[in-house]
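Biologist: Could we go through this structure together? I should like to discuss the contacts within it and then those between its parts.

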Number of protein chains: 2
Amino acid sequence: MNIEGIPYRTIWPAEDGVAVEIIDQTRLPHEFVTLRLENLHDAAIAIKNMLVRGAPLIGATAAYGVALAMSDKTSDAALEEACATLAATRPTAINLGWALARMRALLLPLPPGNRPRDAWRAAAALCDEDVKINRAIGEHGLQLIRAMLEAKGEPVNILTHCNAGWLATVDWGTALAPIYAAFDAGIPVHVWVDETRPRNQGASLTAWELLQHGVPHTVIADNTGGHLMQHGMVDMVIVGTDRTTACGDVCNKIGTYLKALAARDNQIPFYVALPGPTIDWTLENGVRDIPIEQRDAQEVTQIRGRTAEGELATVTLTPHGSPAANYAFDVTPARLVTGLITERGVCLASREGLLGLYPERKR
Amino acid sequence: MNIEGIPYRTIWPAEDGVAVEIIDQTRLPHEFVTLRLENLHDAAIAIKNMLVRGAPLIGATAAYGVALAMSDKTSDAALEEACATLAATRPTAINLGWALARMRALLLPLPPGNRPRDAWRAAAALCDEDVKINRAIGEHGLQLIRAMLEAKGEPVNILTHCNAGWLATVDWGTALAPIYAAFDAGIPVHVWVDETRPRNQGASLTAWELLQHGVPHTVIADNTGGHLMQHGMVDMVIVGTDRTTACGDVCNKIGTYLKALAARDNQIPFYVALPGPTIDWTLENGVRDIPIEQRDAQEVTQIRGRTAEGELATVTLTPHGSPAANYAFDVTPARLVTGLITERGVCLASREGLLGLYPERKR
């Protein structure tokens, strides 16, 4: 997507061919800074300190981390060490383990001398695959937005929660891919951006990337969506997901469930955009079976922003002595989901719907 | 309620009898500072700059503002000027106009020489009435909490939104009155405190007053309540309201509707505590007929807190150039409300329910 009119991905090989470049996402939305990752250590730090975030982008960065390691030392031991180092950066990120397993399986059988070249190629291929999946999600979701425009005859208002945009992937994003596809196709869209407390990924990342690409949008407090829906100001909701069960229950950023309830109460379609690999075919009942990560309470009691002087500062919001709790995700039951937008098409949020698109999963 | 073990109201006559004292609520939860209001101007500034806030407390401060004015000049012109000055501070606050009309109607017929004494008495009486109403709300709500304890046999978890506590009234509060009554009666309670973006009245005021009175509580992001309800961690919801229609629709801080939806989806009782005077008998359909105030977008894009150095600072959360919208209230339809807790008892959120408690309103 574009930044000040120039197309970017979130990760790309440097022109000199010996490093990888990324956007330092910890400084968004206040500063746009790109950084060079020169070696394994740089890549590990970038993931660990969340300079890059979002499951697909973490996987891509890990793959390039292996490539950087291979450019330095090509032995089996070096490969194993690279994979172990990168795996330890964010233990719960599913794509991280998947990308590392793939790199290791590809490289270990090769003669060490071939490993650098093939590692770089494999990392690039992994990125291209992510882009391809997300473009396909965008194309399928675009049809839903186009149909809404045709039914309504006015600009389409779409509400989204958290950041499932291109910054979380290599390009396009998941929930935002249909919005970018619609915007690029000339369909008038406007996005209601939930700020998404406590980490404010909506106010910082989603707003920033929509702003950069030129997509009309408005930031709102997370409390606002229900009121907007009651008054006909939202035509559809599109969110991402970290994990979808085989029955279509959707685990996503905390607060997603509340928006799904409001959408249902106001007969507004609620869509979830997801790449097929995030479907967990082993789970059925998401509310019962998906463990919900509890994060540091400081994410609730404190917040970071830009002072009038332009510096980044962290301030405390709560009284000294009041405890806080920080549940990071919730589960939206399939019954509240109008449809799942995947790279293979749109389906009902049900076992039958998902198996229709992924028939190879039938036993 | 207590602050560090000492009982306080939010407004009280100074010991020397020539001024009124308040808590500067703009400095909560970071600093506890009381201020003297010496004259009409001080009272007007206290309301205008939100040193005091909450409809009942605004009314009480306006009444004392008239008393302060009468201590200075007792003429008809002085009375009219005091009422006009105070009325202009927060044009939309219903209790403000009500308190001023009451003071004016009482004082205007009196000989000017009697006005100071009677104005101070009337202001004190108005405060005592507010406390009496809120205590009665507390006693009625206490029965609901006690019943929940008896049914459950474990500490009762209550979720609340925004600040409908004693800081918004003269004492006790509305939504928090049942909680204080239960706590003081030895019933084990724990309160989930929605931080209540964008103005964070939950994280700053509700958390602070519960902390000071010693009531166990946990601050959460507004996104969290649905997840807690799905997992049996909320036994009941109690919120306040700014305006209730004759049919029981409830206008309250933005986001209340989302919690009501989640409570209904999880079969959790959702109660609204209100003093009878906040019922608007002229309105029926709240979603259709109650105008929703839009406030400055800066309340969404910026936030204020305490720096590590202990200073108060405002930081910007959104990218420069991203617009924001700030709807201050929403309406929860009566169908989602389990019961209304009033000073006269608890009733269904319906015309029949309300008329059962306020039969004088039958035509």
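Biologist: How many residue pairs are in polar contact between domain 1 of chain A and domain 2 of chain A?

Modeller: Ten residue pairs are in polar contact there, both residues being at pLDDT 80 or more. A polar contact is a pair of N or O atoms within 3.5 Å; within protein, one must be able to donate a hydrogen and the other to accept it, and residues adjacent in sequence count only if both atoms are side-chain atoms. This is a predicted model, in which local features need pLDDT of at least 70, side-chain atom pairs count only at pLDDT 80 or more, and totals for chains, interfaces and linings use all residues. Side-chain values use heavy atoms, without hydrogens or water, residues are numbered from 1 along each chain as its sequence is written, and chains are lettered from A and ligands numbered from 1 in the order in which they are written.

Biologist: Which elements supply at least two residues of the side of domain 1 that touches domain 2 in chain A?

Modeller: Strand S1 (2–3) and helix H2 (55–72) of chain A each do so. Helices (H or I, at least four residues) and strands (E, at least two) are DSSP runs, numbered from the N terminus. H2(A) gives the largest share of that side, four residues. By class, that side of domain 1 of chain A holds 13 nonpolar, six polar and four charged residues. Here Ala, Val, Leu, Ile, Met, Phe, Trp, Tyr, Cys and Pro count as nonpolar, Asp, Glu, Lys and Arg as charged, and the others, Gly among them, as polar.

Biologist: And where do the two domains of chain A lie in the sequence?

Modeller: Domain 1 of chain A covers 2–129 and domain 2 covers 138–362, with bounds from an automatic or database domain assignment. Their centres, taken over C-alpha atoms, are 26 Å apart. Domain 1 of chain A brings 23 residues to the contact and domain 2 of chain A brings 18, contact meaning heavy atoms within 4.5 Å.

Biologist: What area do they bury between them?

Modeller: The two domains of chain A bury about 2000 Å², 60% of it on carbon and sulfur atoms. Buried area is the accessible area (1.4 Å probe) that two parts lose on being put together, summed over both. A:Asn2, A:His30 and A:Arg53 supply 28% of the area that domain 1 of chain A buries against domain 2, more than any other three residues.

Biologist: Changing topic: how many salt bridges cross the interface of chain B and chain A?

Modeller: Four salt bridges cross that interface, whereas the interface of the two domains of chain A has zero. A salt bridge is a side-chain nitrogen of Lys or Arg within 4 Å of a carboxyl oxygen of Asp or Glu. A:Asp265 forms one with B:Arg335, with the closest N and O atoms 3.0 Å apart. B:Glu195 and A:Arg197 also meet in a salt bridge, at 2.7 Å, N to O. B:Glu195 is in the loop between strand S7 (189–194) and H7 of chain B, and A:Arg197 is in the loop between strand S7 (189–194) and helix H7 (201–213) of chain A, so the pair joins two chains.

Biologist: What area is buried between chain B and chain A?

Modeller: About 5000 Å² is buried there, carbon and sulfur atoms giving 59%. Each of the two chains contributes 65 residues to the contact.

Biologist: Why do the copies meet through the same surface?

Modeller: Because 100% of the interface residues of chain B are also interface residues in chain A.
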